[in-house]
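Morning, everyone. Please bring the structure up on your screens, and we'll walk through it together.

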Amino acid sequence: YIRGNLSESLQVGESYRIEFYVNLSIFSSVGMDNIGVKFINDQNTSIFQTNEIIPLVPDVNYVGVPISNQTGWTLMSYQFTPNTPNIDAFIIGNFSSDQDTNVHIVTETAFQYCYLLIDDVNIFLDPMIFDLVDEICQGEDLVLPNISENGVTGTWSPVFNNQETTTYTFTPTNS
């Protein structure tokens, strides 16, 4: 696991992008999936260095082809919308048991170890992108999409009214 503090707390309801790169160390004999991120409040959580599974459910988690690239870097990219206030730290790691983790044997050895190198961790606001017309004439129809161009789902309020000038607000559905 690695643990880091955020420069400022995540805001409830805002959409964030989490990106970092992983590489399978040359000292590893297997690659794995189940690479997750758990956001925490640093003041309320005391987790120390351990070889045991940290008993938390990650907020985002990669499950797919085991990461077994030892010569290049693989981008891990997630989207996350917090619904808990005062989140100011994160943990990256495998929060799953061996039985629930897919592995790919890279080298046959007596013991199977997976050491991932992690680089360039970025957590930033992920603005919603919409391709909308700037204005319409009174009485014209307009369909407001429930999914942004970058995959954020949600709803608009108030209900569309083509008879008067109105400001609409898009509210993302919590992930």
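Let's start inside. This is a predicted model, and its largest nonpolar core has 18 residues. The residues with the most contacts inside that core are Phe20, Ile35, Val37, Phe39 and Tyr78. Which strands supply at least two residues each? They are S1 (2-10), S2 (16-24), S4 (35-40), S6 (74-80) and S7 (87-93). S2 gives the largest share, 4 residues.

Now take Phe20. Set aside anything up to four places away in sequence, and Phe20 still touches a long list. That list includes Ile35, Val37 and Tyr78. Thr74, Leu75 and Met76 are on it too, and so is Ile92. Further along the chain, Phe20 also touches Ile118, Asp119, Asp120 and Val121. Apart from this core lies another one, of 5 residues. Among them are Ile40, Ile54, Ile91 and Phe95.

Stay with the strands for a moment and find Val60. Val60 sits in strand S5 (60-62). Is Val60 buried or exposed? Its relative accessibility is 9%, under the 20% cut-off, so Val60 counts as buried. Not counting residues up to four places away, Val60 touches Gly36, Val37, Tyr78, Gln79 and Phe80. Two of those names, Val37 and Tyr78, you have already heard as core residues. As for Ile92, it is 32 residues from Val60 along the chain, and their C-alpha atoms are separated by 9.8 Å.

Next, Trp73. Find it in the loop between S5 and S6. Its relative accessible area is 43%, between the 20% and 50% cut-offs, so Trp73 is partly exposed. What does Trp73 contact beyond its neighbours within four places in sequence? On one side of the list are Tyr21, Val22 and Asn23; on the other are Leu117, Ile118 and Asp119. Look at Asn23 in particular. Trp73 and Asn23 are 50 residues apart in sequence, yet 5.0 Å apart in space, C-alpha to C-alpha. Ile118 and Asp119 also appear among the contacts of Phe20.

Move on to Asp126. This one lies in the loop between S9 (116-125) and S10 (154-157). Asp126 has a relative accessible area of 11%, so it counts as buried. Leaving out residues up to four places away, Asp126 touches Ser15, Tyr16, Arg17, Gln79 and Asn150. Gln79 is also a contact of Val60.

Now the backbone. Most residues other than glycine have a negative phi, and most peptide bonds are trans. Here are some exceptions. Asn34 has a positive phi, near 60°. Asn34 is in the loop between S3 and S4. With 4% relative accessibility, Asn34 counts as buried. Asn86 also has a positive phi, about 65°, and is not a glycine. Asn86 is in the loop between S6 and S7. Then there is the peptide bond between Ser157 and Pro158. That bond is cis, with omega about -5°. Pro158 lies in the loop between S10 and S11 (169-172).

On to the pockets. How big is the volume of the largest pocket? About 840 Å³. The lining has 23 residues. Nearest the centre are Tyr1, Met32, Asn51, Asn94 and Cys114. Strands S3 (30-32), S7 and S9 each give two or more residues to this lining. By class, the lining holds 13 nonpolar, 8 polar and 2 charged residues.

The second largest pocket holds about 340 Å³ of space. Its lining has 18 residues. Nearest its centre are Glu135, Ile136, Leu142, Thr166 and Tyr168. Here the classes are 9 nonpolar, 6 polar and 3 charged.

Last, the cysteines. A disulfide is a covalent bond between the sulfur atoms of two cysteines. How many disulfides does the structure hold? The count is 0. Cys114, one of the residues nearest the centre of the largest pocket, has 24% relative accessibility, so it counts as partly exposed. Cys137 is at 52%, over the 50% cut-off, so Cys137 counts as exposed.

That's the tour. Questions, please.

Terms used:
Residues numbered from 1 in each chain as written. Predicted model: local features only at pLDDT ≥ 70, side-chain atom pairs only at ≥ 80, totals over all residues. Heavy atoms only, no water. Core = buried A, V, L, I, M, F, W, Y, C linked by side-chain atoms within 4.5 Å. Buried < 20%, exposed > 50% of the residue type's maximum accessible area, 1.4 Å probe, protein only. Contact = heavy atoms within 4.5 Å. Disulfide = S-S within 2.5 Å. 1 Å grid on protein atoms, 1.4 Å probe; cavity = no way out; pocket = protein on both sides within 12 Å on 5 of 7 lines; lining within 4 Å. Points joined across faces, edges and corners; volume = space filled by probe spheres on them. Nonpolar A, V, L, I, M, F, W, Y, C, P; charged D, E, K, R; others polar.
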